[in-house]
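Biologist: Could you take a close look at one loop of this model for me, and then follow the side-chain contacts outward from there? I would like to know what to look at, and in which order.

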Amino acid sequence: MKGCEVINKVIKTILISIISVVLIFGSFVLWFIYETEYKLTTISQQTNPNNNYEILFQSVGEPFLFGPDKVKITLLDDKKKKVRVLSESISNDGGRAHEDNIKIKWFDDYVEITLSGSEQPDETYRIDYK
């Protein structure tokens, strides 16, 4: 009977070790996916002084190996409610997006947002307030 107990302990130890390694590796993979695909980093936040509408410019994840940086542009009304969200990308030679990549012009009924990158032509978007 003692031989079976020793074998059971060894098997149990091996299984616990394998499960621990899988959990640690899985945690690393999940962290990596979150950092590269989902993590939001606020780059710029600008408010229209006339109506308190706000543009929130955020980077989504991290650019991977000189790829484009995914960005999220959110227009918030004066009550901080989302009016519209744009998901775009900026080609900046693998670099992160920064404040120089966005230009905002406020108008009475809409906002004009221009995105620029070192490896792309400027792209302009118009978002109506309502």
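Modeller: Happy to! Let's start with Asn-52, found in the loop that joins strand S1 (40-47) to strand S2 (54-60). Please keep in mind that this is a predicted model. What is the phi of Asn-52, which is not a glycine? It is positive, about 65°. As background, most residues other than glycine have a negative phi. Asn-52 has a relative accessible area of 45%, so it counts as partly exposed. Lys-80 also has a positive phi of about 65°, again without being a glycine. You will find Lys-80 in the loop between strand S3 (69-76) and strand S4 (82-90).

Back to the loop between S1 and S2, this time for its aromatic contact. A pair of aromatic rings is described by the distance of the centres and the angle of the planes. The chain has 3 aromatic pairs. In one of them, the ring centres of Tyr-53 and Tyr-129 are 4.7 Å apart and the planes meet at 45°, so this pair is tilted. Why does this pair tie together separate parts of the chain? Because Tyr-53 belongs to the loop between S1 and S2, while Tyr-129 is in the segment after strand S7 (120-128), the two being 76 residues apart in sequence. Both Tyr-53 and Tyr-129 are buried. Another of the pairs is formed by Phe-107 and Tyr-110, whose centres are 4.6 Å apart with planes at 20°, so here the rings are stacked. The two partners have their own levels of cover: Phe-107 is partly exposed because its relative accessible area is 32%, whereas Tyr-110 counts as buried because its value is 17%, below the 20% limit.

Tyr-110 is also the way into the charged contacts. The charged end of Arg-126 sits over the ring of Tyr-110, 3.7 Å from the ring centre. Arg-126 has a second contact, a salt bridge to Asp-128 with the closest N and O atoms 3.3 Å apart. Asp-128 counts as partly exposed, since its relative accessibility is 40%. Asp-122, which lies in strand S7, counts as exposed because it reaches 53%, and the limit for that class is over 50%. Its C-alpha atom is 9.2 Å from the C-alpha atom of Asn-101, although 21 residues separate Asp-122 and Asn-101 along the chain.

How many salt bridges are there altogether? The count is 5. Side chains of opposite charge can pair when their charged atoms come close. Besides the bridge to Asp-128, have a look at Glu-37 and Lys-70, whose closest N and O atoms are 2.7 Å apart. This bridge links distant parts of the chain, with Glu-37 in helix H1 and Lys-70 in strand S3, 33 residues apart. Glu-37 is partly exposed because its relative accessible area is 38%, and Lys-70 is partly exposed because its value is 32%. Lys-39 makes a salt bridge with Glu-35, with 3.6 Å between the closest N and O atoms. In that bridge Lys-39 counts as partly exposed, at 31%, while Glu-35, at 18%, is buried.

Helix H1 (residues 2-38) also holds Val-29, which is partly exposed with a relative accessible area of 30%. Val-29 is one of the residues that form a nonpolar patch on the surface. Among the other members are Phe-25, Phe-28, Trp-31, Phe-32, Phe-64, Leu-65 and Phe-66. Together, the residues of this patch have about 1300 Å² of accessible area.

Finally, let's zoom out to see where these contacts fit. The protein chain has 1 helix and 7 strands, and from the N terminus on the order is α-β-β-β-β-β-β-β. Its radius of gyration is 24 Å, well over the 14 Å that the globule rule gives for 130 residues, so the chain is more spread out than a compact globule. Along the principal axes, the C-alpha atoms fill a box of roughly 85 × 35 × 15 Å. Of the 130 residues, 32% count as buried; Tyr-53 and Tyr-129, from the loop contact we began with, are both buried.

Methods: Residues are numbered from 1 along each chain as its sequence is written. This is a predicted model: local features need pLDDT of at least 70, side-chain atom pairs count only at pLDDT 80 or more; totals for chains, interfaces and linings use all residues. Side-chain values use heavy atoms; hydrogens and water are left out. Patches are made of residues with over 30% relative accessible area and no salt bridge: like charges are joined within 9 Å, nonpolar side chains (Val, Leu, Ile, Met, Phe, Trp, Tyr) within 5 Å. Accessible areas come from the Shrake-Rupley method with a 1.4 Å probe; for residues, only the protein chains shown count as cover. A salt bridge is a side-chain nitrogen of Lys or Arg within 4 Å of a carboxyl oxygen of Asp or Glu. Helices (H or I, at least four residues) and strands (E, at least two) are DSSP runs, numbered from the N terminus. Buried means under 20% relative accessible area, exposed over 50%, partly exposed in between (1.4 Å probe, protein chains only). Rings of Phe, Tyr and Trp (its six-membered ring) pair if their centres lie within 6.5 Å; planes under 30 degrees apart count as stacked, over 60 as edge-to-face and the rest as tilted. A charge sits over a ring if NZ of Lys or CZ of Arg is within 6 Å of the ring centre and within 35 degrees of the ring normal. The radius of gyration is taken over C-alpha atoms; the globule rule is 2.2 Å times the number of residues to the power 0.38.
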